[in-house]
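Open your viewer and get ready to click along. We will go from one selection to the next and look at what is there.

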Amino acid sequence: MKLITLTVLAAISAASGSSLRGDFETDVVAVDTSNRNLQDCVASSSFLGCFKDRNNNRAMTHEVDGRYHSAEVCESTCADMGYMYFAREWKGQCFCSNSSDYDKHGGADDCDCCGDDVGSRKMCVWMTGDAAPGCDGNGAPSAPYHGCFRDRNKDRALPYLVRGRNHSARDCQDECSEMGMKYFAREWKGQCFCSNDDDYEKHGAADDCDCC
C-alpha cells in the first residue's frame, strides 16, 4: 500500500477517526486532466483553480505593483517575499497571500490563466512549491506536498481514519484540519488519514503514486 502525506492548512468540515483492516494497492483515482496545461506557465507551483474577486474586498490582499506580469514572474515575486499563494488577474495583475481563503468569493470559469487577459474580476490561483503527482486543480489541496510513503495495516503511519472512501485530497485536508490535525494523507481508493506526528515516513518512501 502507498500513502501520501501533506501539511494541513485549512479547516471546513468535521470528521471522525477509526481503524481499518484489509489489503491495499496503489491508489488510482480518475483525475480530470483539463487543467494540466496550467502548470506550463509557472516554474513549479500547483494550480488551485480560478476564482472570483472583488475590487473593494480582495481575496488576496498584497498586490505587486504594475500589470502585465506573466504567471512565472508573479510566482517568483510572491515566493521571494515569502508568500505561499499567488494569483494572476485581469491584464496580468499579480496578488500574493498566505491565507487559504482565496476562494471566498466562489469559483469562476472561462479564465485565460496564462494569457494576456485572465478575465474581469477573475483570478487564477497557484500554490508555490512542487505539486503532488496528479494534483493540478480539481480538488487539489491548498497544502505543501511532503511525499508518497508506504503504510502498513497493523502499524499505521497516520493513526486516525476519516470514515468512508472516495475522499478528494482537498476533502481530506478539510476533514483532518477540522479535527485539529497537522498532517493528512490520501490512500488506496480515497481513504483519508490524519495525524499530529511527523513520523509519516517511518515505513519508507513509495513511488508511482496518483495522489489526487
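What follows is a short walk through a predicted model, one stop at a time.

**Stop 1: the whole chain**

Start by showing the protein chain as a cartoon. You should find two helices and ten strands. Read along the sequence, their order is β-β-β-α-β-β-β-β-β-α-β-β. The chain has 212 residues, and 48% of them count as buried.

**Stop 2: strand β10**

Now select residues 191–195, which make up β10. Are the residues of this strand buried or exposed? Five of its five residues are buried, so β10 is mostly covered. Turn on the side chains next. In a regular strand, side chains alternate between the two faces of the sheet. Here Q191, F193 and S195 point one way, while C192 and C194 point the other way.

**Stop 3: the neighbours of β10**

Keep β10 on screen and add residues 183–187, which form strand β9. These two strands pair in the antiparallel sense over five bridges. As an example, look for A185, whose bridge partner in β10 is F193.

Then add β8, residues 160–162. β8 also runs antiparallel to β10, and three bridges join the two. Which residue of β10 is the bridge partner of V162? It is C192.

**Stop 4: the turn between β9 and β10**

Follow the chain from β9 to β10. The two strands form a hairpin with three residues between them. Select W188 in this turn: its phi is positive, at about 45°. K189 is in the loop between β9 and β10 too. With a relative accessibility of 41%, K189 counts as partly exposed, because it falls between the 20% limit for buried and the 50% limit for exposed. Try a distance label from the C-alpha atom of K189 to that of R165: the separation is 6.2 Å, although the two residues are 24 apart along the chain.

**Stop 5: charged pairs**

Side chains of opposite charge can pair when their charged atoms come close. How many salt bridges does the model have? The count comes to seven, and we will visit some of them.

Select E187 and R156, whose closest N and O atoms are 3.2 Å apart in a salt bridge. E187 lies in strand β9 and R156 in the loop between β7 and β8, so this pair ties together parts that are 31 residues apart in sequence. Both partners are buried: E187 has a relative accessible area of 0%, and R156 has 13%.

Next, select K202 and D155, which meet in a salt bridge at 2.9 Å, N to O. This pair links distant parts of the chain, with K202 in the segment after β10 and D155 in the loop between β7 (145–150) and β8, 47 residues apart. K202 is partly exposed at 40%, and D155 is partly exposed at 35%.

Now move to D53 and R58, another salt bridge, with the closest N and O atoms 2.9 Å apart. D53 is buried, at 3% relative accessibility. Add E89 to the selection, and you have a network of salt bridges linking D53, R58 and E89.

**Stop 6: a negative patch**

For the last stop, select D197, D198, D199 and E201. Together they form a negative surface patch. One of them, D199, is in the segment after β10. D199 is partly exposed, with a relative accessible area of 33%.

Definitions and conventions: Residues are numbered from 1 along each chain as its sequence is written. This is a predicted model: local features need pLDDT of at least 70, side-chain atom pairs count only at pLDDT 80 or more; totals for chains, interfaces and linings use all residues. Side-chain values use heavy atoms; hydrogens and water are left out. Patches are made of residues with over 30% relative accessible area and no salt bridge: like charges are joined within 9 Å, nonpolar side chains (Val, Leu, Ile, Met, Phe, Trp, Tyr) within 5 Å. Accessible areas come from the Shrake-Rupley method with a 1.4 Å probe; for residues, only the protein chains shown count as cover. A salt bridge is a side-chain nitrogen of Lys or Arg within 4 Å of a carboxyl oxygen of Asp or Glu. Lys and Arg count as positive and Asp and Glu as negative; His and the chain ends are not counted. The place of a charge is taken as NZ of Lys, CZ of Arg, CG of Asp or CD of Glu. Helices (H or I, at least four residues) and strands (E, at least two) are DSSP runs, numbered from the N terminus. Buried means under 20% relative accessible area, exposed over 50%, partly exposed in between (1.4 Å probe, protein chains only). Two strands pair if DSSP finds at least two bridges between them.
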